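Student: I would like a close look at one part of this model, namely a pair of packed helices, and then at how that part sits within its chain. Could you take me through it slowly, with the residues named?

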Amino acid sequence: MPDKLELSVRRQSGLPIIQFSGDVTTFAEDVVQNAYRDVAREGGRNVGLDFGSCNYINSAGIAAIIGMVTEARRQSRRVLVFGLSPHYQKIFRMVGLADYVEMCATEDEALLRVTPPEA
Amino acid sequence: MTDELKRSVEIRIPSELGYEKVAMEAAATVARQMGFSPDRVQDLRTAVSEACLNAIEHGNKLDVRSRVLVVLTVQPSGLEVNVADSGKELIPTGQPQAGRAEDYRGWGMFLIQNLVDEVEVQSEPNVGNQVRMVIRLGEQ
C-alpha cells in the first residue's frame with residue numbers, strides 16, 4: 001500500500017521551492033534526496049520547502065527531511081520551511097528540526113527573508 | 001456484553017507500510033466523537049501511526065502474514081489505545097538526535113512519549129510487543 005508523494009520544484013522570485021504534495025513517509029527518502037540534489041546542482045544559496053499540500057508526515061518522512069537538511073547544511077545552504085500545519089510545526093520543534101531550518105509562517109515571509117533589502 | 005466490550009474497537013491491520021493510516025484514522029474518529037480538541041486528535045493520530053509503524057516494521061518485520069492488533073478503549077477519563085505485534089524484534093525505544101547520527105530513523109517512540117499522556121511498553125521476544133497509550137480528556 002505505497003503512499004503517494006509528488007515533489008515538484010518551482011521558482012519564486014529566484015528562490016527554488018520544493019513543493020511536497022501527498023504523504024511524507026518511508027517511501028519519500030529517495031524522492032526527497034533527488035529533488036534536493038536537482039536544486040543543489042543549480043548552486044543557489046537557499047532552498048524553500050513548501051508543505052502546504054501535505055497532510056501526513058511520519059517518523060520515516062521526518063528522517064528523510066532530516067537527511068536532506070543535513071546535506072543542505074553541509075553545503076552551507078539555508079533551508080526555509082513554510083506551509084506546515086501547527087501540528088507538524090510542533091513535531092519539527094520536538095525532533096529538533098526547527099533548529100536547523102528557518103520556520104516561516106508563509107511563503108511570502110520566506111521570500112522576504114532571502115530577498116536582499118533595496119539600497 | 002460488558003461495558004468495556006461495548007466501548008472498544010478492535011482493528012487488525014496487515015504488516016505492510018501504509019496500513020497504519022487505517023488505525024490512525026479510526027483512532028481519530030473515536031477521539032473526535034469523545035470530544036477531544038483538534039490539536040489532541042492530531043497528537044493521537046501521530047502517536048497511533050508511529051506505534052503501528054514500529055509494530056509493522058520491527059515487531060512483525062514486515063511479514064504480511066502477521067497482523068498488528070489495535071484496540072481502542074473508550075474510558076470515562078480518556079481514550080486508551082493498545083498496539084500489539086508478534087515480537088519478531090523488539091521495538092526501538094532510544095532517542096536519535098537531529099543533525100548527528102547518519103541514520104536519521106528511530107523517532108517513533110520519542111514522538112509517542114511526547115504526544116500522549118501515558119505510555120507503557122511491554123516486550124517479550126517472539127511473544128510480542130505491546131504499546132499501551134492513553135490520552136486523557138481535559139489535558140493539553
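Tutor: What follows starts with the chain as a whole, turns to the helix pair, and then moves outward to the contact with the other chain and to two loop and strand positions.

Please keep in mind throughout that this is a predicted model. The secondary structure of chain B comes to 4 helices and 5 strands, and along the sequence these elements run in the pattern α-β-α-α-β-β-α-β-β. Of the 140 residues in chain B, 41% are buried. Among the contacts in chain B with a separation of 6 or more, 66% join residues that are 24 or more positions apart.

The part to look at closely is the pair formed by α2(B), residues 20-34, and α3(B), residues 38-59. Two packed helices are described by the angle between their axes and by the distance between those axes. For this pair the angle is about 150° and the axes lie 8 Å apart. Since angles over 145 degrees count as roughly antiparallel, α2(B) and α3(B) are therefore roughly antiparallel to each other. The crossing that α2(B) makes as it passes α3(B) is right-handed.

As for the residues that meet, α2(B) brings B:Glu20, B:Lys21, B:Ala23, B:Met24, B:Ala27, B:Ala28, B:Ala31 and B:Arg32 to the contact. On the other side, α3(B) offers B:Arg40, B:Val41, B:Leu44, B:Arg45, B:Val48, B:Ser49, B:Cys52, B:Leu53 and B:Ile56. By class, the residues of this contact divide into 11 nonpolar, 1 polar and 5 charged. When you read those two lists, it helps to recall that an α-helix has 3.6 residues a turn, so residues three or four places apart point the same way.

The helix α3(B) also has a part in the contact between the chains, which takes 19 residues from chain B and 20 residues from chain A. On the side of chain B that touches chain A, α3 and α4 each supply at least two residues, and α3(B) gives the most, with 6 residues. That side of chain B has 7 nonpolar, 8 polar and 4 charged residues.

Two further positions in chain B can be set beside the helix pair, one in a loop and one in a strand. B:Glu89 belongs to the loop between β3 (78-84) and α4 (108-115) of chain B, and it counts as partly exposed because it has 17 C-beta neighbours inside 10 Å. Leaving aside neighbours within four places in sequence, B:Glu89 is in contact with B:His58, B:Gly59 and B:Lys61. From B:Glu89 to B:Ala55 the distance is 9.0 Å, C-alpha to C-alpha, although 34 residues separate them in sequence.

B:Gly128 lies in strand β5 (residues 128-136) of chain B, and with 17 C-beta neighbours inside 10 Å it counts as partly exposed. With neighbours within four places in sequence again left aside, B:Gly128 is in contact with B:Ala84, B:Asp85, B:Ser86 and B:Gly87. B:Ala27, one of the α2(B) residues that meet α3(B), is 22 Å from B:Gly128, C-alpha to C-alpha, and 101 residues away from B:Gly128 in sequence.

How values were computed: Residues numbered from 1 in each chain as written. Chains lettered and ligands numbered in written order. Predicted model: local features only at pLDDT ≥ 70, side-chain atom pairs only at ≥ 80, totals over all residues. Axes fitted to C-alpha atoms, helices over the stretch in contact; angles between N-to-C directions. Parallel < 35°, antiparallel > 145°, perpendicular 65-115°, else oblique. Left-handed = near helix turned anticlockwise from the far one by under 90°. Contact = placed C-beta atoms within 7 Å. Nonpolar A, V, L, I, M, F, W, Y, C, P; charged D, E, K, R; others polar. Buried ≥ 20, exposed ≤ 12 C-beta atoms within 10 Å, placed from the backbone.
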